Amino acid sequence: MSRKLAAFLCLALIAALLVPQAADAASSLNQVIENLRTWLIGLLVALATLLLTIGGVRYLLAGGDPGGLEKAKGTIKAALAGYALAALAPVLVTVLKHIVG
């Protein structure tokens with residue numbers, strides 16, 4: 001199994017465990033959008049946490065190598081961007097609700 005496939009399956013499992021209530025049947029468009037928001041936040045937080053962990057391990061294993069430190073810092077910055085997107089997800093869903101009606 002390739003690394004990317006294994007990582008994708010792990011993230012899917014984490015997302016499924018984080019938000020099991022989002023799998024409930026939706027009775028209206030607003031409920032569908034709320035479920036989408038819940039899944040989006042869970043997925044973004046899971047991905048950001050994974051990236052933060054990878055960045056931290058890269059930073060520890062860099063051993064003073066400038067190239068390795070830059071890769072680690074880039075990964076940590078991507079994780080912080082993921083957390084920012086997760087924090088903004090409710091705002092984005094609210095905008096989507098106003099657009100859809």
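This passage describes the fold, the helices and a handful of residue environments in a predicted model.

The overall picture is pleasantly simple. The protein chain holds 3 helices and 0 strands, and along the sequence these follow the pattern α-α-α. Of the 101 residues in the protein chain, 21% are buried. The protein chain exposes about 6,900 Å², and carbon and sulfur atoms supply 72% of that area. When contacts with a separation of 6 or more are considered, 59% of them link residues 24 or more positions apart. The residue pairs described below, several of which join helix 2 to helix 3, give some local detail to go with these totals.

Helix 2 spans residues 29-61 and contains 33 residues. From its first C-alpha to its last, helix 2 reaches 48 Å, close to the 48 Å expected at 1.5 Å a residue. Its buried residues are Ile33, Asn35, Thr38, Gly42, Leu44, Ala46, Ala48 and Gly55, a list that mixes nonpolar side chains with Asn35 and Thr38. A helpful reminder when reading such lists is that an α-helix has 3.6 residues a turn, so residues three or four places apart point the same way. Leu61 also belongs to helix 2, but this residue is exposed, with a relative accessible area of 69%. The C-alpha of Leu61 is separated by 9.3 Å from that of Ala72, which is 11 residues away along the chain. After helix 2 comes Gly63, which has a positive phi, near 60 degrees.

Helix 3 covers residues 66-100, and Leu69 is part of it. With a relative accessible area of 22%, Leu69 is partly exposed; this value lies above the 20% under which a residue would count as buried. Its C-alpha and that of Arg58 are 7.4 Å apart, with the two positions 11 residues apart in numbering. Beyond its neighbours within four places in sequence, Leu69 is in contact with Tyr59, Ala62 and Gly64.

Further along helix 3 sits Thr75, which counts as buried because its relative accessibility is 9%. Setting aside residues up to four places away in sequence, Thr75 touches Leu51, Ile54, Gly55 and Arg58. Gly55 is itself one of the buried residues of helix 2. The Thr75 side chain also has a partner in the backbone, reaching the oxygen of Lys71 at 2.9 Å.

Two more residues show helix 2 and helix 3 meeting. Val45, in helix 2, is partly exposed at 31% relative accessibility. Apart from its neighbours within four places in sequence, Val45 is in contact with Tyr83 and Ala86. Val45 and Leu85 are 40 residues apart in sequence, yet their C-alpha atoms are 8.8 Å apart in space. Ala89, in helix 3, is buried, since its relative accessible area is 0%. The contacts of Ala89, again without neighbours within four places in sequence, are with Arg37, Leu40 and Ile41. For Ala89 and Leu40, a distance of 49 residues along the chain goes with a C-alpha separation of 7.0 Å.

The surface has a feature of its own. Leu29, Val32, Leu36, Leu88, Val91, Leu92, Val95, Leu96, Ile99 and Val100 form a nonpolar patch, and together they have about 890 Å² of accessible area. Helix 2 and helix 3 each supply at least two residues of this patch. Helix 3 gives the most, with 7 residues, and Leu92 is one of the patch members that has its place in helix 3.

Conventions
Residues numbered from 1 in each chain as written. Predicted model: local features only at pLDDT ≥ 70, side-chain atom pairs only at ≥ 80, totals over all residues. Heavy atoms only, no water. Helix = DSSP H or I, 4+ residues; strand = E, 2+ residues; numbered from the N terminus. Buried < 20%, exposed > 50% of the residue type's maximum accessible area, 1.4 Å probe, protein only. Polar contact = N/O pair within 3.5 Å; in protein donor to acceptor, adjacent residues only side chain to side chain. Contact = heavy atoms within 4.5 Å. Expected span 1.5 Å × (residues − 1). Areas by Shrake-Rupley, 256 points an atom, 1.4 Å probe, with all protein chains shown as cover. Patch = residues over 30% accessible without salt bridge, like charges linked within 9 Å, V, L, I, M, F, W, Y side chains within 5 Å. Salt bridge = Lys/Arg side-chain N within 4 Å of Asp/Glu carboxyl O.
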